[in-house]
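Please look over the structure shown below and follow the briefing beside it, moving from a strand and its partners to the domains, the ligand and some details of the backbone.

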Amino acid sequence: MTIVQAEWSDILTVLHESHQIWSPGLRKDQYQEYMWRQMNHPWARRNYKFFVLKHKSQVVCSCKLYTVNLASKGKQYIFGGIGAIYTMSLFRNQGFATKLIADVIEYCYNNEYDGTILFSDIDPEFYNRLGFAELGAADFGVHMPKGDMHSAYCAPNVTYVERHHIPIMISIYNKWQRRQAYGFQRSELYLHYKLGRERFLADYSTLSWPKLEITFALENAIQTGYALTERGGHNLRILELVGPESARRQLWCALVEHAITHRMHKVRGWESVAADLFPGFRMEEVLPQEMTKPCAFAPLTYTQRNWGRPMYMPFDEKLEDWMEHFPCPFLELDHL
Ligand SMILES: CC(C)(COP(=O)(O)OP(=O)(O)OC[C@H]1O[C@@H](n2cnc3c(N)ncnc32)[C@H](O)[C@@H]1OP(=O)(O)O)[C@@H](O)C(=O)NCCC(=O)NCCS
């Protein structure tokens with residue numbers, strides 16, 4: 001018994017069941033279309049495989065394998081991104097997921113990948129046992145102070161992300177990424193794929209999936225940084241905030257102002273976004289005094305996420321030092 005690339009009929013068998021836990025507010029037919037579109041996107045046709053493990057010709061377990069490019073210290077690495085690991089409910093606890101993952105790791109090893117990576121939604125112990133190590137997965141939150149606040153900048157121009165933003169986002173991201181300890185490399189096609197998924201959910205999900213917003217930092221009339229955000233309930237979630245330091249400072253101010261305008265109670269994000277707030281772990285690290293003086297921000301709170309926890313298995317021991325790096329510089333859009 002070994003892994004094989006799935007036929008569409010095998011995938012439908014899996015989706016029929018996995019819809020119950022993973023459909024992000026989509027009807028079954030929409031969920032199938034969501035998957036179909038993803039798999040047929042030009043980026044996915046080159047970089048996405050759907051594997052199944054069959055027992056007596058029945059699909060028992062499945063996963064996706066993405067080929068993703070990571071970069072660190074000026075070098076490029078190809079990683080196998082494993083996602084959507086699913087064992088059909090009738091076949092659980094019989095070692096199928098363990099076997100499938102071991103086979104995928106072997107596939108990657110034999111095909112010149114530099115390692116494998118995944119984002120765990122379950123107790124990481126399951127993947128620890130298979131040899132994966134955890135990278136940072138803390139979520140930060142900061143309550144908005146009550147009272148008047150003034151930004152040092154003009155009112156932020158926040159718009160929904162559109163396809164035409166992709167080239168400038170890639171250009172800003174690539175410059176920023178080179179200064180990070182490690183991270184995903186992005187191409188226009190990759191970002192188009194990622195944003196397409198978000199767009200489908202924003203258009204069809206019954207969960208009022210928030211649309212992604214973009215805010216640019218402008219320096220001498222040039223876009224030098226951008227932030228991606230979404231608003232859900234009273235939370236402003238920052239998914240990414242990239243650019244040189246001057247641009248990032250401008251963006252923090254703009255986002256706080258954006259949060260105030262929309263009466264948000266909290267600004268939240270994954271630890272990579274909070275890197276700017278170290279070492280003090282306070283908003284005062286990035287906001288000008290005239291903005292923070294009249295009303296103090298409470299210190300940041302951190303919680304360990306129990307979903308989307310990045311874990312990796314490098315095949316080259318030189319990459320083992322990533323796990324010591326804090327905060328993890330991955331951004332949420334790269335979640336597989
Ligand atoms: C998680 C999952 C893939 C495991 O599949 P499986 O084929 O039953 O796994 P195996 O038989 O190889 O391994 C069983 C072990 O996994 C552990 N396991 C199952 N679900 C787990 C969970 N949610 N968290 C941590 N460990 C879990 C079992 O406790 C068991 O441990 P044991 O050997 O000490 O008894 C399966 O439960 C599943 O499809 N769940 C729903 C989808 C999902 O959550 N996928 C993971 C996304 S990151």
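In this predicted model, strand β5 (115–120) is mostly covered, since six of its six residues count as buried. The residues of β5 point in two directions, with G115, I117 and F119 on one side and T116, L118 and S120 on the other, and all of them are buried. The points below begin with the neighbours of β5 and then turn to other parts of the chain.

**Strand β5 and its partners**

- On one hand, β5 is joined to β4 (75–87) by four bridges, and these two strands run parallel.
- Within the pairing with β4, the residue T116 in β5 is the bridge partner of G80, and T116 belongs to the group that points the same way as L118 and S120.
- Together with helix α4 (96–110), the strands β4 and β5 make a β-α-β unit, which is right-handed.
- On the other hand, β5 also pairs with β15 (309–314), this time in the antiparallel sense and over six bridges.
- In the pairing with β15, F119 stands opposite P310, and F119 is one of the residues that point the same way as G115 and I117.

**The surroundings of the ligand**

- A shell of 16 residues surrounds the ligand, and the closest of these are T87, A97, T98, I122 and D123.
- Two elements, β4 and α4, each supply at least two residues of this shell, and both of these elements also take part in the right-handed β-α-β unit with β5.
- When the residues of the shell are sorted by class, they divide into seven nonpolar, six polar and three charged.

**Two domains and the contact between them**

- The chain is divided into domain 1, which is made of two stretches (3–136 + 307–334), and domain 2, which covers 139–304.
- The C-alpha centres of domain 1 and domain 2 lie 27 Å apart.
- The contact takes 28 residues from domain 1 and 29 residues from domain 2.
- On the side of domain 1 that touches domain 2, the elements α2 (28–39), α3 (42–47) and β3 (58–72) each supply at least two residues, and β3 gives the most, with five residues.
- By class, this side of domain 1 has 16 nonpolar, nine polar and three charged residues.

**Strand β13 and the strands beside it**

- Four of the five residues of strand β13 (residues 266–270) are buried, so β13 is largely enclosed by the rest of the structure.
- Strand β7 (residues 138–143) pairs with β13 in the antiparallel sense over five bridges, and in β13 the residue V267 stands opposite V142.
- Strand β12 (residues 235–242) pairs with β13 in the parallel sense over four bridges, and here V267 in β13 stands opposite L236.
- Between β12 and β13 the chain crosses through helix α8 (residues 245–261), and this β-α-β crossover is right-handed.
- Besides its pairing with β13, β7 pairs with strand β14 (residues 301–304) in the antiparallel sense over four bridges.
- In the pairing of β7 with β14, the residue Y302 in β14 is the bridge partner of F140.

**Details of the backbone**

- What kind of peptide bond joins F326 and P327? It is a cis peptide bond, with an omega of about -5°, and P327 lies in the segment after β15.
- A84, which has its place in strand β4, has a phi near 50°, and this is a positive value in a residue other than glycine.
- Is E112 buried or exposed? E112 has 8 C-beta neighbours inside 10 Å, and because residues with 12 or fewer such neighbours count as exposed, E112 is exposed.
- A84, by comparison, has 17 other C-beta atoms within 10 Å and is therefore partly exposed.
- E112 also has a positive phi, of about 65°, although it is not a glycine, and its place is in the loop between α4 and β5.

Notes: Residues are numbered from 1 along each chain as its sequence is written. This is a predicted model: local features need pLDDT of at least 70, side-chain atom pairs count only at pLDDT 80 or more; totals for chains, interfaces and linings use all residues. A residue is near a molecule or strand if its C-beta atom, placed from the backbone, lies within 6 Å of it. Ala, Val, Leu, Ile, Met, Phe, Trp, Tyr, Cys and Pro count as nonpolar, Asp, Glu, Lys and Arg as charged, and the others, Gly among them, as polar. Domain bounds come from an automatic or database domain assignment. Two residues are in contact if their C-beta atoms, placed from the backbone, lie within 7 Å. A residue is buried if 20 or more other C-beta atoms lie within 10 Å of its own, exposed if 12 or fewer, and partly exposed in between; C-beta atoms are placed from the backbone. Two strands pair if DSSP finds at least two bridges between them. A crossover is right-handed if, with the strands pointing away from the viewer, the path from the first strand over the helix to the second runs clockwise.
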